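User: I am new to this structure. Please take a close look at the place where its two domains meet, and then tell me what else stands out.

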Amino acid sequence: MEGTPRTYGHFIHGREVPAATGETFPSVAPMTDAVLGWAARGAHDDVERAVASAHQGFASWSARPPYEREKILLKCADQIETQFDNLLNLLIDESGSTIVKARYEVNYAVSVLRAAAGEARRLYADTLPNEKPHRMSLVVREPIGVVLVISPFNAPLALLAKMIAFPLAAGNAVIAKPSEETPLIAIELARTMSAAGLPDGVFNVITGFGAECGEQLASHPLINGIALTGSTATGVKVGQLAAQSMKRMQLELGGKNPLLILNDVDVREAADIAAVGAFTHGGQICMASVRIVVEAPNGRSFAEALAGKAERLYLGDLRDERTAYGPLINQRAVAKVVRHVQAARSAGAEVLTGGDVHRGLVFQPTVIYNPPRSGPCWDEETFGPVAMVLEAAELEEMIAIANDSSYGLSAGVLTRDLVRGMTAARRIRCGAVHIGTHSFQSDPLAPVGGFGMSGLGRSGGKYSVEHFTELKWISLELGETPRPF
Ligand code: NAD
């Protein structure tokens, strides 16, 4: 970004407004440490203002016919395309994305808004057969009201667009609280959608910190639902707050995802696929393939092939198309990766390559062979470019290792044997299993979510629409029925 960093406001009721306290905080580029801009630091009064505005927005948005919501969301997608380069550059700078990942995110935001626009017309419900004579029963679907979207730093445009698009299509208003690491991209998205004709109050953004405005939003009695994408610790906390006022909850949390490599696949090709699964965005992907289980006798040769691939990755300028990935988001993230690698090493694992900082916040691609199946590197999200490789004797043992986790987000199975592939897919306890590729996959219409500590509910397509609508039974008496008294 060029020029003097500007001060951004919250986005409330169609315009940027400063925090009521006047406070701001910097958004810093992880690659260069430059201040990109100053974001409004949200607190109590800002939350109240956003909630009041969203209720106004909800009243008119939910009353619009579906084809109007569809039309406006399609215009939002078009408008994002006109802002492609601005959004791309801000993503690269603010989130440390490579140009390839940033391009994917902007394209995904366009695509998910178009997919959601179509869902506006499909709020189907039912008519029911009745036991009672002369009664007709209808089930109708209604938006729940104001949905709070809390989003993470790692895919700050794609995920935010996905999380708001489907609730909006269903007629809800949305307040977003983006990560404090990436506030500016959220404001730019809201400005872009407002310029496309999204009415005032339908999509507000409050920037700031979890403890200062996130918790207040999550416990606000006039917010009706929450879609949170973030860490499991945050999910547990926000879930507890939201339960106090019975909010509809969709929690998309952490993962420690398995990739199974059966012995009918070529080890080099498997290493190329696994590298994308493990190292995209430096492993800062909830669905990253980080626990790689290889069928005997290929464990060692696969691990060496992956280490060779890792050593050949290009880690250069973020705008260079060859760059595989960029920096971790902050120094805390780097310290966590270092701690996890050290713990695995101390427990006897072999670090085949990497294990240290490359430069700045960029961590070396790291391959660990034979990690212990306990300790931080196994039990917790590392959220860095660290792939662990283990060998297992046969499919049963591979599935058992895949399921040896409190998480259950996504899995990959590399094989050409569909019977064994499907056997694994049915037995692995994850929200998604992808045969023939790694675990990091997304599609606007697919149900994304996890088993166990990976979350609650599913987002995407009709699954989000179902989640953020209420069912109402309406009955109609069409004749005389006997009365008891
Ligand atoms: P995080 O949990 O630190 O923060 C996520 C969001 O929650 C941020 O906006 C943050 O400000 C907010 N927040 C934090 N504490 C809060 C509180 N007490 N009350 C209200 N809001 C609060 O996560 P992160 O570091 O930004 O993102 C990485 C995490 O997100 C990883 O765990 C990753 O696996 C997960 N993630 C999951 C998915 C998925 O689809 N399951 C997708 C992307 C990221």
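**Where the two domains meet**

Analyst: The centres of domain 1 and domain 2, taken over C-alpha atoms, are 31 Å apart. The model is predicted. The domain assignment gives domain 1 as 6–253 + 454–471. Domain 2 is given as 257–435.

Start with the contact itself. On one side, 21 residues of domain 1 take part; they touch 26 residues of domain 2. The size of an interface is often given as the accessible area lost when the parts come together. Here domain 1 and domain 2 bury about 2000 Å² between them. Carbon and sulfur atoms make up 58% of that area. Within domain 1, the residues that lose the most area to domain 2 are Met 31, Phe 153 and Ser 454. Together they account for 28% of what the domain 1 side buries.

Next, the polar side of the interface. Side chains of opposite charge can pair when their charged atoms come close. Two salt bridges are counted between domain 1 and domain 2. Elsewhere in the count of polar links, nine residue pairs are in polar contact across this interface, both residues at pLDDT 80 or more.

Which elements supply the domain 1 side? Those that give two or more residues are helix 3 (84–95) and helix 4 (99–119). Helix 3 gives the most, with five residues. By type, the residues on this side of domain 1 divide into seven nonpolar, eight polar and six charged.

Two salt bridges can be looked at one by one. Arg 103 pairs with Glu 321, and their closest N and O atoms are 2.6 Å apart. Arg 114 forms a salt bridge with Glu 81, with 2.9 Å between the closest N and O atoms. That second pair links distant parts of the chain. Arg 114 is in helix 4, while Glu 81 is in helix 2 (residues 66–82). The two are 33 residues apart. The full count by this rule comes to 28 salt bridges.

Now the ligand. It is surrounded by 27 residues. The closest are Lys 177, Glu 180, Ser 231, Thr 234 and Glu 381. Three side chains can be described further. In Thr 234, a side-chain N or O atom is 2.6 Å from an oxygen atom of the ligand. In Glu 381, a side-chain N or O atom is 2.5 Å from an oxygen atom of the ligand. Glu 215 has a polar side-chain atom 2.9 Å from a nitrogen atom of the ligand.

Last, two details of the backbone. Most residues other than glycine have a negative phi, and most peptide bonds are trans. Ala 296 and Pro 297 are joined by a cis peptide bond, with omega about 10°. Pro 297 sits in the loop between strand 14 (289–295) and helix 10 (299–312). Met 246 has a positive phi, near 55°. Its place is the loop between helix 8 (232–243) and strand 12 (248–252).

Definitions and conventions. Residues numbered from 1 in each chain as written. Predicted model: local features only at pLDDT ≥ 70, side-chain atom pairs only at ≥ 80, totals over all residues. Heavy atoms only, no water. Domains from an automatic or database assignment. Contact = heavy atoms within 4.5 Å. Buried area = accessible area lost by both parts, 1.4 Å probe. Salt bridge = Lys/Arg side-chain N within 4 Å of Asp/Glu carboxyl O. Polar contact = N/O pair within 3.5 Å; in protein donor to acceptor, adjacent residues only side chain to side chain. Helix = DSSP H or I, 4+ residues; strand = E, 2+ residues; numbered from the N terminus. Nonpolar A, V, L, I, M, F, W, Y, C, P; charged D, E, K, R; others polar. Near = heavy atom within 4 Å.
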